[in-house]
Amino acid sequence: MYQGTLLEFLNMGGSEIVLILVVVLLLFGGKKLPELARGLGKGIREFKDASDGVKREIHRNINAMDLDKEEAEEKVANNQSHQPAAETAPVDEKVTTTDNHPSSTPIDEKIVTDSQKV
C-alpha cells in the first residue's frame with residue numbers, strides 16, 4: 001500500500017500533521033496563510049529555475065569541453081595523415097627551376113632594349 005512521502009517524513013501520522021496545521025492557523029491567521037503559501041510557492045519556483053540554470057550551464061560546459069577535445073583529436077589525426085605523405089616523396093621527383101637560364105623565360109616576358117629592336 002502506498003503512503004505519501006509527506007506522511008513518511010519523520011514518521012509523522014495524520015494527527016500530528018493536523019495539529020501542526022492548527023498551530024500555524026492560530027499563529028498567522030486566515031488572511032496571512034494564502035500570502036505565505038504564495039511566497040513559499042514563488043521561492044520554490046525560483047529555486048527550481050536557478051538549479052535548472054546551473055544544470056544547463058554545467059551541461060553546456062561539458063559539451064564545449066567534449067567538442068574542443070574532438071577538434072584537437074581531429075587536428076592531431078590530420079597532422080599525422082599529412083606527415084607521412086611529405087616524408088615519403090622521393091627527392092628525384094622534385095622539380096627545380098632555374099631563373100638564370102634565358103631559354104626558361106618566355107619571349108613575352110623578355111625585356112627588349114632599343115638596340116634589339118630592328
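User: What is a salt bridge, a side-chain nitrogen of Lys or Arg within what distance of a carboxyl oxygen of Asp or Glu?

Analyst: A salt bridge is a side-chain nitrogen of Lys or Arg within 4 Å of a carboxyl oxygen of Asp or Glu. In this predicted model, the side chains of Glu57 and Arg60 satisfy that criterion, with an N to O distance of 2.7 Å.

User: How many salt bridges does the structure hold, and where do Glu57 and Arg60 lie?

Analyst: The structure holds one salt bridge. Both partners, Glu57 and Arg60, belong to helix H2, where three residues, about one turn of the helix, separate them.

User: Is Glu57 buried, partly exposed or exposed?

Analyst: Partly exposed applies between 20% and 50% relative accessible area. Glu57 has a value of 37%, so it is partly exposed.

User: How many helices and strands are there in the protein chain, and what share of its residues count as buried?

Analyst: The protein chain has two helices and zero strands. Helix H2 spans residues 14–87. Of the 118 residues in the chain, 1% count as buried. The accessible surface of the chain is about 11500 Å², and carbon and sulfur atoms contribute 60% of that area.

User: Which residues gather in a patch of negative charge on the surface?

Analyst: For a charged patch, like charges are joined within 9 Å. Here the negative patch consists of Asp66, Asp68, Glu70, Glu71, Glu73 and Glu74. One of these residues, Glu70, is found in helix H2. The relative accessible area of Glu70 is 44%, which makes this residue partly exposed.

User: Which residues make the nonpolar surface patch, and is Leu27 buried or exposed?

Analyst: In a nonpolar patch, side chains are joined within 5 Å. Leu19, Val23, Leu27, Phe28 and Leu36 make such a patch, with an area of about 500 Å². Leu27 is located in helix H2. Exposed means over 50% relative accessible area; Leu27 reaches 64% and therefore counts as exposed.

Notes:
Residues are numbered from 1 along each chain as its sequence is written. This is a predicted model: local features need pLDDT of at least 70, side-chain atom pairs count only at pLDDT 80 or more; totals for chains, interfaces and linings use all residues. Side-chain values use heavy atoms; hydrogens and water are left out. Patches are made of residues with over 30% relative accessible area and no salt bridge: like charges are joined within 9 Å, nonpolar side chains (Val, Leu, Ile, Met, Phe, Trp, Tyr) within 5 Å. Accessible areas come from the Shrake-Rupley method with a 1.4 Å probe; for residues, only the protein chains shown count as cover. Lys and Arg count as positive and Asp and Glu as negative; His and the chain ends are not counted. The place of a charge is taken as NZ of Lys, CZ of Arg, CG of Asp or CD of Glu. Helices (H or I, at least four residues) and strands (E, at least two) are DSSP runs, numbered from the N terminus. Buried means under 20% relative accessible area, exposed over 50%, partly exposed in between (1.4 Å probe, protein chains only).
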